[in-house]
Amino acid sequence: MEAVARLRNQPTSPRKMRLLADLIRGMNVEQALNTLKFSPKHPSVPLEKLLLSAIANWRMKNEGADVIEANLYVKTIYVDGGRTLKRMNPAPQGRAYRLRKRSNHVTLVVDGRNQTNQN
């Protein structure tokens with residue numbers, strides 16, 4: 001049985017977050033956690049917390065089941081654009097440049113490889 005975790009309005013541009021999402025898509029949970037823990041990119045910390053939250057949600061759905069025996073993996077992960085804060089930056093000759101502070105929404109689905117065949 002799959003479990004879902006969502007991260008809303010993370011103040012990082014979707015392009016930067018998609019780099020990490022593409023990196024862990026389809027990986028086993030243990031390998032994805034290690035990859036995020038040692039990644040130098042700054043969005044790896046909230047993405048690691050999101051993965052831990054998805055694992056906790058899976059444990060709540062499947063009480064008594066073991067994470068290692070279920071062989072959990074990142075089934076789907078996708079990043080959508082969130083709200084954009086629009087600010088003004090001063091520019092020469094009395095003009096102003098628009099500064100867009102982007103945010104994103106991340107949805108992560110975790111599933112067990114062994115359980116898909118039993119249903």
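Here is a short chat about how to read this predicted model.

Visitor: Where do I start, and which elements does the chain have, in what order?

Guide: Start by walking along the chain from the N terminus. Here the elements run β-α-α-α-α-β-β-α, which makes five helices and three strands.

Visitor: How do the strands pair up, parallel or antiparallel?

Guide: Look at which strands sit side by side, then at their sense. Strand β2 (residues 72–90) pairs with β3 in the antiparallel sense, over 16 bridges. One spot to find is Met-88, which stands opposite Arg-98 in β3. Strand β1 (residues 3–10) also pairs with β3 (residues 96–112) in the antiparallel sense, this time over six bridges. There, Leu-7 has Val-106 as its bridge partner.

Visitor: And where do the side chains of a strand point?

Guide: In a regular strand they alternate between the two faces of the sheet.

Visitor: What happens at the turn in the hairpin of β2 and β3?

Guide: Five residues lie between those two strands, and among them Gln-93 takes a positive phi near 60 degrees.

Visitor: Why is the chain called more spread out than a compact globule?

Guide: Compare the radius of gyration with the globule rule. For 119 residues the rule gives 14 Å, but this chain comes to 18 Å, well over that, so it is more spread out than a compact globule. The C-alpha trace spans about 70 × 25 × 20 Å along its principal axes.

Visitor: How much of the chain is buried?

Guide: Buried means under 20% relative accessible area, and 39% of the 119 residues count as buried.

Visitor: What about charges?

Guide: Count each sign, then see where the two sets sit. This chain has 21 positive and 9 negative side chains, with the centres of the sets 20 Å apart.

How values were computed. Residues numbered from 1 in each chain as written. Predicted model: local features only at pLDDT ≥ 70, side-chain atom pairs only at ≥ 80, totals over all residues. Heavy atoms only, no water. Pairing = 2+ DSSP bridges. Helix = DSSP H or I, 4+ residues; strand = E, 2+ residues; numbered from the N terminus. Rg over C-alpha atoms; globule rule 2.2 N^0.38 Å. Buried < 20%, exposed > 50% of the residue type's maximum accessible area, 1.4 Å probe, protein only. Lys, Arg positive; Asp, Glu negative; His and termini not counted. Charge placed at Lys NZ, Arg CZ, Asp CG, Glu CD.
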